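User: Please take a close look at one part of this model, a hairpin and the strand beside it. I would like to know how the pieces pair up and where the side chains point.

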Amino acid sequence: MIFALHPAEIYGCTSAIIGANATPDGRPLLWKHRDTSTIDNKVEYIASKEGEYNYVALFNADDKRCEQAWIGMNDVGFAVMNTASYNIKDDNVPQKKMDKEGYLMTIALKSCRTIDDFERLLNTLPRPMGVEANFGAIDAEGNGAYFETNNHSYVKYDINDAPGNVLIRTNYSHSGRPDEGFGFIREANAEHLLKPFIENKSVTAEVLTEVLSRSFYHDLKCCDYATKGEKWVVDQDFIPRYKSTATIVIEGIPPIEDASLIKPGDLGSKYIMWTGIGYPPCSEILPVWCIEGGVPDCLRGIGENGHSPLGDEIKSRRDEVFSLKKGNGDKYIDMTKLFNEQGTGYVQRMRQLNKQTYEKTRRLRDVGYGKE
């Protein structure tokens, strides 16, 4: 039996940085499987003001001014995301002055070109910064790092020093207080699922969105509940959860030597932000580019209350998966809605659809007919 969620677990995420040496085509990856109680998301392209970079990012639907980015990339090759941490805050800064991570990442997308730029930003922001998070970032030179950051300081973990050229983070910081925080089992799940791909240097965006974000493997119990044959499964410590609202992978370019030579706009159609909005086991993956018109309308906040139309559709699918409406009904997954013998479960159907999207998009990009 798997026990009920701790309330703080609703503010989770599972994430990874995949270095160029761990991918088959030498393109680094930045992945965030977002968990939050703010269930409605949107994706928007933000045109730059003078002295800033254009960028595209995931925002909460009610963020009318798009002030808080939760994962995004700009048109000079910098990309950033975060996971909440719960074991590195070491002060008495009140909660009302915290939760500034989205604002910080918006500043970074507007102003940063490289990992070094982001580090300089962290060094120069006013203290306290109002954050407790693991910030992950990549750039066009192939650099990548997590910055485990609290109000006053940070610890950097470089992708080039990581075994297998892969780093994974959930909701605790490796530099923080031992055995505090959340997401230990989710991190172990991700490590287990990625291991064969890391060994073969074959991690792709598909592995992250189609394997990890749709997996019901539970490392503590050494059990894959997708194949166990149970109809009702308790929703705890899987990578996808009731509060999961997106799975997004930013796929970069093979590393270049000097990012300072990149002109604004050069990489707007070279990076792809593979976006699955809504509950990931039910989500469709769509490509997003950092250019005007590069965000499909169904991902944008053009619906009622700033909702994305596709996000609302996927939310209705999630309601089918969590169909019990009384008591603790939202803690029980109807696995037959995701996997069944007929092959009509949402995970089964979406994997087939998304495979075609990945293949078509890459084919167009690689022959030069991508978004320009």
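Analyst: In this predicted model, strands E5 and E6 make a hairpin, with four residues between the two strands. Glycine 77 sits in the turn and has a positive phi of about 95°.

The two arms of the hairpin are E5, residues 71-74, and E6, residues 79-84. Their pairing is antiparallel and runs over three bridges. One contact to look for is glycine 72, whose bridge partner in E6 is valine 80.

E5 also pairs with strand E4, which covers residues 55-60. This pairing is antiparallel too, over four bridges. Here asparagine 74 of E5 is the bridge partner of tyrosine 55. In general, strands of a sheet pair through backbone hydrogen bonds, in either a parallel or an antiparallel way.

Now follow the residues along E5. Ile71 and Met73 point one way from the strand, while Gly72 and Asn74 point the other way. All four residues named here are buried, whichever way they point. Buried means that a residue has under 20% relative accessible area.

Put together, E5 has E4 as a partner over four bridges and E6 as a partner over three bridges. Gly72 and Asn74, which point the same way from E5, take part in these pairings: glycine 72 is bridged to valine 80 in E6, and asparagine 74 to tyrosine 55.

Technical notes
Residues are numbered from 1 along each chain as its sequence is written. This is a predicted model: local features need pLDDT of at least 70, side-chain atom pairs count only at pLDDT 80 or more; totals for chains, interfaces and linings use all residues. Side-chain values use heavy atoms; hydrogens and water are left out. Buried means under 20% relative accessible area, exposed over 50%, partly exposed in between (1.4 Å probe, protein chains only). Two strands pair if DSSP finds at least two bridges between them.
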